Amino acid sequence: MRFIIGGLMHETHTFSSEITSLDRFDISRGAELLQYAGSNHSLGGAIDGCRERTIDILPAFFAIATPAGTIPATTFTTLLEELVGSIGALLPADGIVLALHGAMVAEGAPDAEAAILERVRKVVGLTMPIAVTLDFHANISQRMVDLATIITTYDTYPHVDIAERAREAVGLLEQVVRQEIAPVMALVKPPLIPVPQVQQTSIEPFCSLMARAHDMEAKNEALTVTVAGGFAYSDVPDAGVSFLVTTDGNREIAEALATELAAMLWERQEMLIAANPSVAEAVTDAIAAEEWPVVLVDVGDNVGGGTPGDATEILAELLRQRAVDATIVIADPESVQQAILAGVRNEVRLRVGGKVDQLHGDPVELTGTVVAITDGRWIHAGPENAGVPADMGPTAVVRSEGVNIVLTSVKSMPGDLNQLRSVGIDPASQRILVVKASVRWRGGYEPIMARGILVDTSGLGSVDLSRFAYRSIRRPIFPIDERAEWP
Ligand SMILES: [Zn+2]
């Protein structure tokens, strides 16, 4: 048996002014894809899954970029044509595994995953079995469902089961090829658009939903069950939660089970409302804490959700309240260059952060000592993305009063212990750690922290969705509209 593997992944924040241009994509071609083997990544799981089942792997093309704004039409076409071209060149195959995100938006393609699948179908035909892996934050559309044979989605947030879900997809795809199963999918989408902060799968309301979903799989009521929290910051008609149930040939049962899960969340929609303490309160609290480290979560600048990673509200407050042994990471290539020019152990005067747009605080003027300069490369400790390399570009640590400011050239996904270790800071030794995140940080930091405080910062990751000028989502939708209706 021969499976082609490939993909194209991006989580698109359509309100972001940071254009996700071609140079922002990390591209792997042919055998280069195999470097993901063994990692907690969809490609890693797809490769490992094929190897375990002695399925021949035909690696095609894969591109991924850090979450940010809409992808230009030319970039999308370039990437899609290379993906499709490489798939075409590898035929014949028995099946295809595509690692997609589910909340990708390109100019002219608001449902980018459906556009990808449509284009792939043109090359491989309507009968080729295609398994798609999606992120928990996928905004799943009926078009995606119609074009795929199998869809699996991470069951966890933070995403600790990424590779496992891809292996599941490979297993199901193999059964399809062997004609042991005939999957049918039912998609149910009640009008609910929760922010990331309330989507953590180990706590309610998502915890019970996942338990019931796993119960359906364990009892063989369904082949696979997806509960997707969705990505609220993509202004597209399919934004919001999705319940997708796949059964072996029984549409009625699939629909009933998906509706059952949707009703569970609908009944507890009040739990989808998020509220956090102010920046000043949170910093005061963290400084007064008797056990460390306290993690201050800059929810408004949630890098994993497509924000710039250069917000300054918490930095300014840490300096104002004279915090000590506090560490914050800020993407600011200009300040990195100034720190490099100054050199290690020397003093430097900087205007830090707040430069990408007007939504994430003003630049903070400060004087500090350059403590370290690195190439910004490290490997994820995980659990999320364990084994996957990260590249922050040239990076400098500047210490100002009691605050370590890790300045990176490109924004980097937070919450992995190796990020700070790579610049010589042991996260466990700090009193205060600021992470620009919502939930992702918990996988790495929860084992070492005393406490986490989610902070009501402004910005593109704000938990108050009424701050965004939506034009394309379904209305009414909860919690933006109080009176959303669902049968
Ligand atoms: Zn996600």
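**Helix H7, salt bridges and core**

User: Which residue caps the N-terminal end of H7?

Analyst: A side-chain oxygen lies 3.2 Å from the backbone nitrogen of glutamate 252, where a polar contact is a pair of N or O atoms within 3.5 Å, one able to donate a hydrogen and the other to accept it within protein, with residues adjacent in sequence counting only if both atoms are side-chain atoms. This is a predicted model in which local features need pLDDT of at least 70 and side-chain atom pairs pLDDT 80 or more, while totals for chains, interfaces and linings use all residues. Residues are numbered from 1 along each chain as its sequence is written, and side-chain values use heavy atoms, leaving out hydrogens and water. The residue that caps this end of H7 is asparagine 250.

User: How far does H7 reach from its first C-alpha to its last?

Analyst: Helices (H or I, at least four residues) and strands (E, at least two) are DSSP runs numbered from the N terminus, and H7 has 17 residues. The expected span is 1.5 Å times one less than the number of residues. For H7 the expected value is 24 Å, and the reach is close to it, at 24 Å.

User: Which strands and helix do the buried residues of H7 pack against?

Analyst: Buried means under 20% relative accessible area, exposed over 50%, and partly exposed in between (1.4 Å probe, protein chains only). The buried residues of H7 are Ala254, Leu257, Ala258, Leu261, Ala262, Leu265 and Trp266. With contact taken as heavy atoms within 4.5 Å, they pack against strands S7, S8 and S9 and helix H6.

User: How many residues apart are the salt-bridge partners arginine 212 and glutamate 260?

Analyst: A salt bridge is a side-chain nitrogen of Lys or Arg within 4 Å of a carboxyl oxygen of Asp or Glu, and the side chains of arginine 212 and glutamate 260 meet in one at 2.5 Å, N to O. This pair links helix H6, which holds arginine 212, with helix H7, which holds glutamate 260, across a separation of 48 residues.

User: Is arginine 212 buried or exposed?

Analyst: Glutamate 260, its partner in the salt bridge, is partly exposed at 30%. Arginine 212 has a relative accessibility of 16%, and therefore counts as buried.

User: How many residues does H7 give to the largest nonpolar core?

Analyst: A nonpolar core is a set of buried Ala, Val, Leu, Ile, Met, Phe, Trp, Tyr and Cys residues joined through side-chain atoms within 4.5 Å. Of the 91 residues in the largest one, Ile193, Phe243 and Leu465 touch the most other members. The largest share of this core comes from helix H7, with seven residues.
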